[in-house]
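User: I'd like to go through a structure and ask how each label was earned. Can you walk me through the reasoning?

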Amino acid sequence: MLYGSFVYNNVRHMKNKNNMKKKIALIALTIVIGNFVYGQKAENFDYKQGKSFSLQMDAFDFMAKGFSLWGNYTFNYNRIFLDGDINQLPDFLNSLSDDFTEKIKYFIQAGYYRFIKKPNELFIGVELIYQQMKISNKSTS
Amino acid sequence: MENGVLRIAKVLGFEWIPFKSYDKFSITPWVSERLPLYSKEVYFPLAAKNYKTADFNFVMGCNIGIRLGKN
């Protein structure tokens, strides 16, 4: 009975120990993630040193009878974005534009920007764009 | 007819915050040179030529943005 109780207590102790380890790991993970998400933000009131989320629209799309919405997430000198867009901008640079009309039906783009000197000024970046074009032949349409 | 085009682009831009008293508002002009990764010819039965989306695409824009969040 005593032996059984000892084993039971040991097993319970081990389970408690495992649970405690899990709890400590969970708390540590929460602190790490929390620090990553909110830490810099709290320490640096100036958003330029921390993180921010912004919504943007492209003014040129209005001129091209369109509309766009950009979601930007900026952290330190880095910005990632996702953009959805429709407009009626013709592809006037195409050498075949005398015979065909091409317009963007919609496009989706994602990209990364890197601010050069300060987090809110000059930046360079790379974008990946999928464009769904609508093409018609001028002679048959 | 519809045609899908996949492009990669390099971008140069400048984020400008015109009002220091309201720094949530920004104006961001940018220029971008786009190069095709995937683009195919589109066949038109009644036309003498097929159509292919331009290989080179130079685009510029001006984003008007509002930043969300406390700081």
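Analyst: Sure. This is a predicted model. Let's begin with strand E1 of chain A, residues 51–58. Its covered face holds A:Ser52, A:Ser54, A:Gln56 and A:Asp58, while A:Lys51, A:Phe53, A:Leu55 and A:Met57 make up the uncovered one.

User: How do you know that E1(A) and strand E2 of chain A pair?

Analyst: Pairing takes at least two bridges between the strands. E1(A) and E2(A), residues 67–75, have six, in the antiparallel sense, so they count as paired. As an example, A:Gln56, from the covered face, sits opposite A:Trp70 of E2(A).

User: And what makes E1(A) and strand E5 of chain B a pair?

Analyst: The cut-off is again at least two bridges. Six bridges link E1(A) with E5(B), residues 57–68, and the sense is antiparallel, so this is a pair too. Among the partners, A:Asp58 faces B:Asn63, and A:Phe53 has B:Leu68 as its bridge partner.

User: What makes residues of chains A and B count as being in contact?

Analyst: Their C-beta atoms, placed from the backbone, have to lie within 7 Å. By that test, 41 residues of chain B touch 43 of chain A. On chain B's side, E1 (2–14), E2 (25–38) and E5 each supply at least two residues, with the largest share, 13 residues, coming from E1(B).

User: Which class of residue leads on that side of chain B?

Analyst: Nonpolar, with 22 residues, against 12 polar and seven charged.

Conventions
Residues are numbered from 1 along each chain as its sequence is written. Chains are lettered from A and ligands numbered from 1 in the order in which they are written. This is a predicted model: local features need pLDDT of at least 70, side-chain atom pairs count only at pLDDT 80 or more; totals for chains, interfaces and linings use all residues. A residue is buried if 20 or more other C-beta atoms lie within 10 Å of its own, exposed if 12 or fewer, and partly exposed in between; C-beta atoms are placed from the backbone. Helices (H or I, at least four residues) and strands (E, at least two) are DSSP runs, numbered from the N terminus. Two residues are in contact if their C-beta atoms, placed from the backbone, lie within 7 Å. Ala, Val, Leu, Ile, Met, Phe, Trp, Tyr, Cys and Pro count as nonpolar, Asp, Glu, Lys and Arg as charged, and the others, Gly among them, as polar.
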